[in-house]
Amino acid sequence: MNALVHRYRPLGIVLLLALLLIAPTAGLLNGYWSRTVMLIAILSLLVSGLNVVLGYAGELAMGQVALYAVGAYVAGYLGVELGMTNVLFSLLGATLAAVVVGLITGIPGLRLGGWSLAMVTFFLVTLVPNLVDVFSGFTGGTLGMGTAVPTLFGMEIVGDRLYWLIILVVAAWFAVARNLLLSRHGNMFLVLRQSPILASVLGVSVYRLKLLVYVVGAIPAALAGALFSMLDGFIAPDTFTFALALSVLAASVVGGATSVYGAIAGAAVMQLGQQTFTQFQTWQLVIYGAFLLIAGIAFNRGLAGLAQDGLAAVRRRGWLPTPAPVTVAAAEPAGEVETRLEPLHGVTLRTEGLGKSFGGNRALDDVTIEARPGEVTALIGPNGSGKTTMLNLICGLYKPSAGRLLLGEEEIGGHPTYRIARHGVARTFQTPLIPAHMTTLAFVATGRYVSHRVGILPAILRLPAFRKGYATDDARAMALLRLVGIADVAHQQVDSLALGTRRLVEVARCLASGARVFLFDEVGSGLDESDLEVLERAIGMIREAGGTVILVEHNFPLVLKLSDRIHVLSQGRLLASGTPAQIQNDRRVLAEYTGATDGGDAADAFDSVADLQAADGPATPKGAK
């Protein structure tokens, strides 16, 4: 049953589109409803663009209406002043103009981010009437501009032909948006929304990805503007208002900002509401505010989320079959677990006199360590000793205040995080950074986004390169999930997993990247005994494959079991270095953990750090906050 539904779903979409196209000529829609459908379709383009930027990528860029105006005026100018009435030229010209404007406004604006970006883009909307007046020679000024009758291959595109054009253009955009957003690129947009830090650690230039998202979101806005100019036959600045921007935002929230087709539902609610209530124009700001408030509280995933929840409830009751998990072409049979990794080509990582200051606070001071390929190098010490600061320096989240950081013979200290990641440095986090709206399998596969990249065009057109790359990514991700013992959660939402499972997912994500250096930050925290055994096996396999591992961990027995060399930090300085046996019996380390001075009574009560932890867990060390 599920296979049949999946197989014939595209056919159902084609039949629905065909029905929508023939509706006016078949008498199913009169002139009023035909125009309403066209207005809903145009508004859905605007909402879709906002969903890409805000819903998927989390960028609070609200300038869709300004780009809508650009598309309308460019299409109008091409037809009236240059005689280019061919709809293909109009749509192409409007799109190119919006991309240029998107780049001009996005390059400085996206460096701000957050509410600053929202204010800049809202300000851009309020500037539209002024800009129209300034360029009145091209736009007709405040009096507006009539547009030429659109044509295609000598035919005038009016009436039913214009209806068909609008429906086909909107359908084409949603096909493009669907293929883009339901690909690794769309998954990376979701990663960006959750955490720009995570995106950069995956090897992605956050600024360039934001710019790509902004430009992609500009395209449907431009198309909407061009189509509106053809439909209305007249363009005036009072069309492109702040109220319209709020309408688009409300439609995005109501329909579901992270749904591809939720834009259509949200646009329909807004457009039909506007046409149904005679006093809508008077109360529109209040109505939009109410929509945003109610949708944000009652159903924050919009109508699309409600539909998904309803469908899930129906399936739980047994009224509809539950879809089987998507079959992944795994690298080995489902019952087997990988027992070794491919060679990882690890590289030596060295710090020389490394230091980091935050104002007057010296977090790291003159630290020199070395981590070699095929070895596990542990960093231990009390809270606040500088362990995570060291990892942040290595992966580029912080820039060193002093000293050198070498990967092989190349100095990487101060390089952008994404560049260091592309050199083969992967890491986990104390608190796992996990995106929403993504399966575990898809999240692990994002580790391969940069190292095994498939272009945007193959993803949109679903070319063989995309299908092959997607299948390979999924197969590799599934194999790694089996390796860390959590293949059973592959098709669950990754943000719904328990903390310990999330840590294992992060390990799998690091392995998927094919990194040479692995930075594991408290990766054993929250794991039970069976999960710790899986973690030990995975780290052991990385060591055997030649990877370089730096392990920050409070679980001292785990450190002793896995490490080849241990460095102890205390108050930002290197206290001791040595083999596990040497560190275990080092009186200075024991004194640091007990809070006693070297040789004091508290230190004498235990023979080693391991004895201390076995007794009651480590006491609060001196200097810890």
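**Exercise 1.** How much space lies in the second largest cavity, and which residues line the second largest cavity?

*Solution.* We are working with a predicted model. Start with the volume: the second largest cavity holds about 60 Å³ of space. Next, list its walls, which are formed by S183, R184, H185, V454, A459, F466, G469, Y470 and D473. Now assign them to elements: α8 (184-194) and α19 (464-483) each give two or more residues, and α19 gives the most, with four. Sorted by class, the lining has four nonpolar, three polar and two charged residues. Finally, look at the domains: domain 1 (49-239) and domain 3 (349-596) each contribute at least three residues to this lining.

**Exercise 2.** What is the volume of the largest cavity, and which element gives the largest share of its lining?

*Solution.* The volume of the largest cavity is about 90 Å³. Its lining includes A75, G76, G79, S229 and M230. Both α3 and α10 (206-232) supply at least two lining residues, and the largest share, three residues, belongs to α3. By class, you will find five nonpolar, six polar and no charged residues here.

**Exercise 3.** Which residues are closest to the centre of the second largest pocket, and how does its lining divide by class?

*Solution.* Begin with the volume of this pocket, about 520 Å³. Among its 17 lining residues, V70, Y73, L131, F135 and T139 are closest to the centre. Then find the main contributor: α3 gives six residues, the largest share of the lining. The class count finishes the job, with 15 nonpolar, two polar and no charged residues.

Key
Residues numbered from 1 in each chain as written. Predicted model: local features only at pLDDT ≥ 70, side-chain atom pairs only at ≥ 80, totals over all residues. Heavy atoms only, no water. 1 Å grid on protein atoms, 1.4 Å probe; cavity = no way out; pocket = protein on both sides within 12 Å on 5 of 7 lines; lining within 4 Å. Points joined across faces, edges and corners; volume = space filled by probe spheres on them. Nonpolar A, V, L, I, M, F, W, Y, C, P; charged D, E, K, R; others polar. Domains from an automatic or database assignment.
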